[in-house]
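Me: I have a model to go through with you. I will ask why things are called what they are called, and I want short answers.

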Amino acid sequence: MELIKKFIPYYKPYIGVFILDLICASVLSVIDLAFPQFLRILRITLFLEQPSVILGRLGLLAVSLLILYAIRSLCRYYVTYQGHIMGARMESGMRRDLFDRFEALSFSYYDTHNTGEMMSKLVSDLFDISELAHHGPENIFISVIKIIGSFILLLRINVPMTLCLMAVVVCMAFFSVRQNGLMRATFADNRVKIAGINSSLQDTLGGIKVVKSFNGEEIEEEKFDRSNIAFFDSKKANYKRMALFFSGNNFFEGLMYVTVLVAGGFFIARGQITGEDLAIYALYINIFIGPVNVLVEFTEQLQKGMAGFERFRDVVETMPEITDKPGAGELTDVKGNIDYVDVSFSYEGEDTVLNNIDLHVDAGKNVAIVGPSGGGKTTLCSLVPRFYDVTAGCVMIDGTDIRDVTQKSLRAHIGIVQQDVYLFNGTIRDNIAYGKADATMEEITEAARSADLLDFIESLIRRWERGAQGSPAVRSRE
């Protein structure tokens, strides 16, 4: 219930579409309930008239029913189209919220979470949430209207037989609720295991050059097999629980028909119901069981969606460890003097990496930090742009504590050449200008020249020009 309360506010921007969707859903339900009642009324009114009277009114009856079902078709179109669009928009908004949160989180979060797992939350989890957002309220609303409506109409036909039927429904509901709780754990475990597969894939494919360089294919296959088998075992447990759930509910559905048949025969024998009314009753049983089946199947969707939403909330509610302090100013007129003042640092739950470091770097000076692997060189440099915050002491630029200025203005004055080169999907120009989207072509060209990339880029241009003169396949490759 706590998760559902947190889920409801996401409908607020689409409240108009949501309400109209429920109105259309209610129209669908009422029309479906109306047909057996029309048949029952016609059986005791029009169909008892003379053949000529019946034939004379059939045209009006057909037109009325056609209009009714045309309205039903329009409502179905709206529910199917706009309802899904609403779910897709909610999914898109949640994905934006999740992506924004990922960008806001500190480096310490990425030290303990795999990229593949985060991608799983951005894609597959949110798809299940989108399906739940659309189908959840609609299925519940339609099912409740049909169940209540058909129950009232069944009571009008025969009260004792309907009460016998409701006894079966109560037993079915008790069984479903109990199995529903058991299913939730298996769906949550599925999400963890599929994230494990995504993590394994991301590690292997992202480091494929290293894998091939060190003949690590068999190692990666074993790692993938472990995560793949773990996911299979989780799915197997899930399907076993689902099989018990659906087969049990299927048994109760059959028990409903048995109850109607036996009770109907009993009440016909006692003269409390006619054979015609029993036939109408059977039609309503189908309408009654239909939404019950929808609710039973909806349970699977609910568990998937709630498991995904729970993982979504875990991320969205995670607060960045490094934030701008209230009233933080802008870093301006930077000269570049850097001071580490009695700096100590340790990663969460680990021993101290840096201890009481004092260091002064004059603006414009080149300083090399030398030491063994794991000695803290990268960590020392990562403190300047506030990828991590010091445990004790402070880092200062031009005499200003970097915690007193905004992270954006601080990092705008820092250039970083990474150990591992990473290129974003896009053009060479986009990658060079990354971090300064308004850079002019002259600035980009000068940056490429400074990095000794200009000759390489020009060779790529010549290759493309040669390919453009060849076949479409060659041009496509270039």
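**Labels and their reasons**

Reply: Start on the surface: Glu217, Glu218, Glu221, Glu222 and Asp225 gather there in a patch of negative charge. Keep in mind that this is a predicted model.

Me: What makes the patch with Glu217 and Asp225 negative?

Reply: Asp and Glu count as negative. The members are Glu217, Glu218, Glu221, Glu222 and Asp225. The patch is therefore one of negative charge.

Me: Why is glutamate 218 called exposed?

Reply: Exposed means over 50% relative accessible area. Glutamate 218 has 60%, so the label holds. Its place is in helix H8, residues 217–269.

Me: What makes Ile15, Ile19, Leu20 and Ile23 a nonpolar patch?

Reply: Ile and Leu are on the list of nonpolar side chains, and such side chains are joined within 5 Å. Members also need over 30% relative accessible area. Isoleucine 15 has 44%, so it passes that cut-off. The patch covers about 340 Å².

Me: Why is isoleucine 15 called partly exposed?

Reply: Buried is under 20%, exposed is over 50%, and partly exposed lies in between. At 44%, isoleucine 15 therefore counts as partly exposed. This residue sits in helix H2, which spans residues 15–44.

Me: Which label does serine 346 get, and why?

Reply: Serine 346 has 24% relative accessibility. Buried would need a value under 20%, so the label is partly exposed. Serine 346 belongs to strand E1, residues 338–346. From serine 234 it is 112 residues away in sequence and 37 Å away in space, C-alpha to C-alpha.

Me: What is notable in the phi of aspartate 333?

Reply: Phi is positive there, about 50°, although aspartate 333 is not a glycine. Aspartate 333 lies in the loop between helix H9 (275–316) and E1. At 68% against a cut-off of 50%, aspartate 333 is therefore exposed.

Me: And where is aspartate 342 found?

Reply: In strand E1. Phi of aspartate 342 is also positive, near 50°. Its relative accessibility is 37%, between 20% and 50%, so aspartate 342 is partly exposed.

Me: How do you know how the chain compares with a compact globule?

Reply: By the radius of gyration. A compact globule of 478 residues would have one near 23 Å, but the protein chain has 34 Å. The C-alpha atoms fill a box of roughly 105 × 60 × 55 Å along the principal axes.

Me: What share of the 478 residues is buried?

Reply: Buried residues make up 36%. The chain's secondary structure comes to 15 helices and 4 strands.

Methods: Residues are numbered from 1 along each chain as its sequence is written. This is a predicted model: local features need pLDDT of at least 70, side-chain atom pairs count only at pLDDT 80 or more; totals for chains, interfaces and linings use all residues. Side-chain values use heavy atoms; hydrogens and water are left out. Patches are made of residues with over 30% relative accessible area and no salt bridge: like charges are joined within 9 Å, nonpolar side chains (Val, Leu, Ile, Met, Phe, Trp, Tyr) within 5 Å. Accessible areas come from the Shrake-Rupley method with a 1.4 Å probe; for residues, only the protein chains shown count as cover. A salt bridge is a side-chain nitrogen of Lys or Arg within 4 Å of a carboxyl oxygen of Asp or Glu. The place of a charge is taken as NZ of Lys, CZ of Arg, CG of Asp or CD of Glu. Helices (H or I, at least four residues) and strands (E, at least two) are DSSP runs, numbered from the N terminus. Buried means under 20% relative accessible area, exposed over 50%, partly exposed in between (1.4 Å probe, protein chains only). The radius of gyration is taken over C-alpha atoms; the globule rule is 2.2 Å times the number of residues to the power 0.38.
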